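Here is a short, friendly tour of one protein chain. Take a look at it first, and then we'll walk through it together.

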Amino acid sequence: MEKLGESGHYYTTCQATPYFWAYVMGNGDVYGCSAYLEDPRFCYGNLNEQSFEDIWEGEKRKKSADYVEHGLDITECRKNCRMDEVNRYLWDLKHPPQHVNFI
């Protein structure tokens, strides 16, 4: 809950979607982000039509990854989303804070 009071975002891009999480809808659709369920930009395919491996390695997911990396404005994303901690961790790996290894 403390994070909700933070101004801005800790990171500038979402690095978790579409690499670390997937949502499967009741109809078999596979999405990369719960905030964008039923948004075709985040739908990778349908398990009734393809295997999970084919969906995960498919063109729709690659296209979505490109959109997330180059087109998604995370200021429109909800704060403290499910992947927030993953994004914070990945951000720190790429942008280590000062004294991260200081004991």
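A residue counts as exposed if its relative accessible area is over 50%, as buried if that area is under 20%, and as partly exposed in between. Keep that scale in your pocket, and keep in mind that what you see is a predicted model. Glu38 makes a good test of the scale: its relative accessibility is 64%, so Glu38 counts as exposed.

**The overall layout**

The chain has three helices and three strands. Reading from the N terminus, the order is β-β-β-α-α-α. The C-alpha trace spans about 50 × 25 × 25 Å along its principal axes. Of the 103 residues in the chain, 33% are buried.

Two spots in the backbone deserve a quick stop. The peptide bond that joins Thr17 and Pro18 is cis, with omega at about 5°. Pro18 sits in the segment before β1 (23-24). The other spot is Glu38 again, which belongs to the loop between β2 and β3. Glu38 isn't a glycine, yet its phi is positive, near 75°.

**Rings that meet**

Now for the aromatic side chains. The count here is five aromatic pairs. One of them joins Trp21 and Tyr23, an edge-to-face pair with 5.7 Å from centre to centre and 65° between the planes. How exposed or buried is each partner? Trp21 has 28% relative accessibility and so is partly exposed, while Tyr23, at 18%, counts as buried.

Then there's Phe42 with Tyr67. Their ring centres are 6.0 Å apart and the planes stand at 85°, so this pair is edge-to-face. Phe42 is in the loop between β2 (29-31) and β3 (43-46), and Tyr67 is in helix α2 (residues 59-70), so the pair ties together parts that lie 25 residues apart in sequence. Phe42 is buried, with a relative accessible area of 0%, whereas Tyr67 is partly exposed at 23%. Ring pairs also bring in Tyr36, which makes a cluster of Tyr36, Phe42 and Tyr67.

A ring can have a charged neighbour as well: Arg61 lies over the face of Trp56, 3.9 Å from the ring centre.

**Cysteines without bonds**

How many disulfides does the model have? The count is zero. A disulfide needs two cysteine sulfur atoms within 2.5 Å. For Cys33, the closest cysteine sulfur is that of Cys77, 6.2 Å away, so the two are too far apart for a bond. For Cys43 the closest one belongs to Cys33, at 13 Å, which is again too far for a bond. Both of these cysteines are tucked away from the surface by our scale: Cys33 is buried with a relative accessible area of 16%, and Cys43 is buried with 15%.

**Empty spaces**

Searching the whole structure turns up two cavities of 30 Å³ or more. There is a pocket to look at too, and the table puts the three spaces side by side.

| Space | Volume | Lining residues by class |
|---|---|---|
| Largest pocket | about 150 Å³ | five nonpolar, three polar, two charged |
| Largest cavity | about 200 Å³ | 13 nonpolar, six polar, four charged |
| Second largest cavity | about 70 Å³ | two nonpolar, three polar, five charged |

Which residues are closest to the centre of the largest cavity? Of the 23 that line it, they are Cys14, Thr17, Cys33, Cys77 and Cys81. Cys33 is the buried cysteine whose closest sulfur partner, in Cys77, is 6.2 Å away.

The largest pocket is lined by Thr13, Cys14, Gln15, Thr17, Pro18, Tyr19, Ala65, Val68, Glu69 and Lys94. Helix α2 gives the most to that lining, with three residues. You may recognise Thr17 and Pro18 in the list, the two residues joined by the cis peptide bond.

The second largest cavity has Lys3, Glu6, Gly8, His9, Tyr10, Tyr11, Lys79, Asn80, Asp84 and Arg88 around it. Five of its lining residues are charged.

Technical notes: Residues numbered from 1 in each chain as written. Predicted model: local features only at pLDDT ≥ 70, side-chain atom pairs only at ≥ 80, totals over all residues. Heavy atoms only, no water. Phe/Tyr/Trp six-rings, centres within 6.5 Å; stacked < 30°, edge-to-face > 60°. Buried < 20%, exposed > 50% of the residue type's maximum accessible area, 1.4 Å probe, protein only. Helix = DSSP H or I, 4+ residues; strand = E, 2+ residues; numbered from the N terminus. Lys NZ or Arg CZ within 6 Å of the ring centre and 35° of its normal. 1 Å grid on protein atoms, 1.4 Å probe; cavity = no way out; pocket = protein on both sides within 12 Å on 5 of 7 lines; lining within 4 Å. Points joined across faces, edges and corners; volume = space filled by probe spheres on them. Nonpolar A, V, L, I, M, F, W, Y, C, P; charged D, E, K, R; others polar.
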